[in-house]
Amino acid sequence: MTQILICTVGGSHQPIVSAINDLRPDFVVFICTDKDPATNQPGSRVQIEGKGNCIKAHNSDANPTLPNIPTQTGLASEQYETVLTLSDNLDRTYLDCIAAIDGISRRFPYARITADYTGGTKSMSAGLVMAVVESPGIDLQLVTGSRADLIKVQDGSQFSDKADCERVRYRRLTEPYRRAWQRYAYSEAVAGLVGLKPPGGLRNEYTRFRELSRAFAEWDNFNHMQALSILQSYAPSLPDHLKQYIGNARQLNDKSTDKCDAARLFDLYRNAERRAAQGRYDDAVARIYRLIEWSAQWLLKVQAGIETGDVKPEQIPDHLTLTQNRKGQWQAGLFNAWQLVKHYTKGPAAIFISEQENILRSHIEARNTSILAHGFTPIQNNQWQPIYAWLESQFIPMLLEETAKSGIKTLPSQLPDDYPG
């Protein structure tokens with residue numbers, strides 16, 4: 001396999017020579033500096049392209065006694081190239097290194113590439129390391145050896161050693177998908193993670209991140225059964241604050257208890273909150289409309305045995321006018337369903353609709369102008385906030401009083417907005 005070496009070149013030739021002699025690359029990219037614009041002093045470029053004896057064997061020597069690095073290491077002219085950068089400009093060095101990596105990867109698509117950051121200024125080394133961390137598949141190394149001080153390793157003791165940056169690289173490559181959790185964008189995290197190739201030592205950590213992202217993506221798409229299945233498989237390794245979601249998911253899936261439908265009402269509410277957090281206010285209000293309608297349907301079914309999709313004629317109060325579908329079934333939409341709640345129930349919901357009916361109608365008007373309903377006007381944050389404040393202060397407390405009879409006394413936690421790892 002073709003071996004490529006990319007290395008930063010500073011004032012000392014020994015580590016570069018050691019790296020080349022140890023690796024014996026087929027091609028070398030030297031990241032060097034040109035003349036200093038302030039002092040006009042030669043940069044490290046001279047160590048690669050200088051003629052004759054151009055390198056001092058020791059800094060204390062009066063004159064250069066060694067040829068350039070390619071000559072010392074037996075590199076032919078077609079086996080190397082020089083890339084110029086600035087000595088103390090991290091941004092510029094990083095961009096130059098990225099460009100060099102991209103160029104050499106296209107030129108040698110199947111080569112093994114190693115980057116050595118031993119030489120050069122601190123900014124040059126940092127720029128190369130940053131570029132490599134963002135370039136999967138490239139090995140990172142440095143030349144090290146015995147030290148008598150913190151200035152340099154002792155001559156003759158140098159050797160090339162791999163620098164383990166896999167965890168740093170993994171963290172940096174996965175950071176966008178950790179941030180996706182902050183926006184509840186679990187599907188985005190899954191899509192990004194699927195395209196990554198994790199290092200061998202971090203494969204389990206990667207798989208856990210991907211699968212937990214998938215679990216909450218499924219949950220966010222109302223596929224509670226699949227979410228529960230994934231979460232249960234990772235139960236032993238979940239931190240305490242995530243274990244609660246297993247119990248919540250079980251409630252959403254257990255149709256043998258009265259808690260299931262009640263829990264699903266609040267799950268829909270939390271889903272609407274997530275859409276609003278993403279700035280998707282039309283989606284949020286559409287879900288709230290469904291929540292208000294579904295709550296009335298649930299109350300009527302549980303407390304009065306009424307199905308709003310098929311109201312029996314004897315269940316229709318004299319003051320209420322319903323419409324029939326093509327099958328001849330009498331149906332009650334959102335507002336008529338709440339009129340039935342007022343007529344047939346005596347609890348908090350009946351009191352709520354008696355007191356809040358006009359406010360409910362005004363909030364529903366915002367939904368009716370949405371493109372997801374009957375209009376073409378997008379819902380903005382300033383329209384969502386009054387609706388949300390009303391839900392928090394009026395609707396949800398009422399609903400919790402009603403669901404307490406089924407065993408749901410508190411709102412479930414919102415899905416997590418940070419990945420625990």
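The following exchange examines how several descriptions of this predicted model are justified.

User: What makes the pair of Trp-181 and Tyr-186 edge-to-face?

Analyst: A search of the whole structure finds 19 aromatic pairs. For Trp-181 and Tyr-186, the ring centres are 5.4 Å apart, which lies within the 6.5 Å required of a pair. Their planes stand at 85°, and planes over 60 degrees apart count as edge-to-face. The pair of Trp-181 and Tyr-186 is therefore edge-to-face.

User: Why is Trp-181 called buried or exposed, and which word applies to Tyr-186?

Analyst: Buried means under 20% relative accessible area. Trp-181 has 0% relative accessibility, so Trp-181 counts as buried. Tyr-186 has a relative accessible area of 1% and is therefore buried.

User: Which residues do ring pairs link into a cluster with Trp-181 and Tyr-186?

Analyst: The cluster also holds Tyr-184, Phe-209, Phe-216, Trp-219, Tyr-245 and Tyr-419. One of its members, Tyr-245, is among the buried residues of helix H10 (residues 240–253). Leu-242, Ile-246, Asn-248, Ala-249, Leu-252 and Asn-253 of H10 are buried as well. The cover over these H10 residues includes helix H8 (203–220), helix H9 (224–233) and H11.

User: How do you know that Arg-361 lies over the face of Phe-335?

Analyst: Arg-361 is 4.2 Å from the ring centre of Phe-335, and the limit for CZ of Arg is within 6 Å. Arg-361 is accordingly placed over the face of that ring.

User: Why are H11 and H15 described as roughly parallel, antiparallel or perpendicular?

Analyst: Helix H11 (residues 259–277) and helix H15 (residues 381–403) pack at an angle of about 165°, with their axes 12 Å apart. Angles over 145 degrees count as roughly antiparallel, so H11 and H15 receive that description. Their crossing is left-handed. On the H11 side, the residues that meet H15 include Leu-265, Phe-266 and Tyr-269; on the H15 side, they include Trp-384, Tyr-388 and Leu-391.

User: What makes the orientation of H12 to H14 roughly parallel or antiparallel?

Analyst: The angle between helix H12 (residues 281–304) and helix H14 (residues 348–368) is about 155°, and their axes are 12 Å apart. The angle is set against the limit of over 145 degrees, so H12 is roughly antiparallel to H14. The contact is made by Val-285, Tyr-289, Ile-292 and Leu-299 of H12 together with Ala-349, Leu-360, Ile-364 and Arg-367 of H14. H12 and H14 cross in a left-handed manner.

User: Why does Gln-339 count as buried or exposed?

Analyst: Gln-339, in helix H13 (residues 334–344), has 14% relative accessibility and so counts as buried, the limit being under 20%. Leaving aside neighbours within four places in sequence, Gln-339 is in contact with Leu-320 and Glu-357.

User: What makes Leu-84 buried, exposed or partly exposed, and how is Ile-4 classed?

Analyst: Leu-84 belongs to strand S3 (residues 80–85). Its relative accessible area is 30%, and partly exposed covers the range between 20% and 50%, so Leu-84 is partly exposed. Beyond four places in sequence, Leu-84 touches Cys-32, Thr-33, Asp-34, Arg-45, Arg-92 and Asp-96. Ile-4, in strand S1 (residues 3–8), is at 0% relative accessibility and therefore counts as buried. Among the residues Ile-4 touches, not counting those up to four places away in sequence, are Leu-23, Phe-27, Phe-108 and Ile-113.

Terms used: Residues are numbered from 1 along each chain as its sequence is written. This is a predicted model: local features need pLDDT of at least 70, side-chain atom pairs count only at pLDDT 80 or more; totals for chains, interfaces and linings use all residues. Side-chain values use heavy atoms; hydrogens and water are left out. Rings of Phe, Tyr and Trp (its six-membered ring) pair if their centres lie within 6.5 Å; planes under 30 degrees apart count as stacked, over 60 as edge-to-face and the rest as tilted. Buried means under 20% relative accessible area, exposed over 50%, partly exposed in between (1.4 Å probe, protein chains only). A charge sits over a ring if NZ of Lys or CZ of Arg is within 6 Å of the ring centre and within 35 degrees of the ring normal. Axes are lines fitted to C-alpha atoms, for helices over the stretch in contact, and angles run from 0 to 180 degrees between N-to-C directions. Helices (H or I, at least four residues) and strands (E, at least two) are DSSP runs, numbered from the N terminus. Angles under 35 degrees count as roughly parallel, over 145 as roughly antiparallel, 65 to 115 as roughly perpendicular and the rest as oblique. A crossing is left-handed if the near helix is turned anticlockwise from the far one by less than a right angle, and right-handed if clockwise. Contact means heavy atoms within 4.5 Å.
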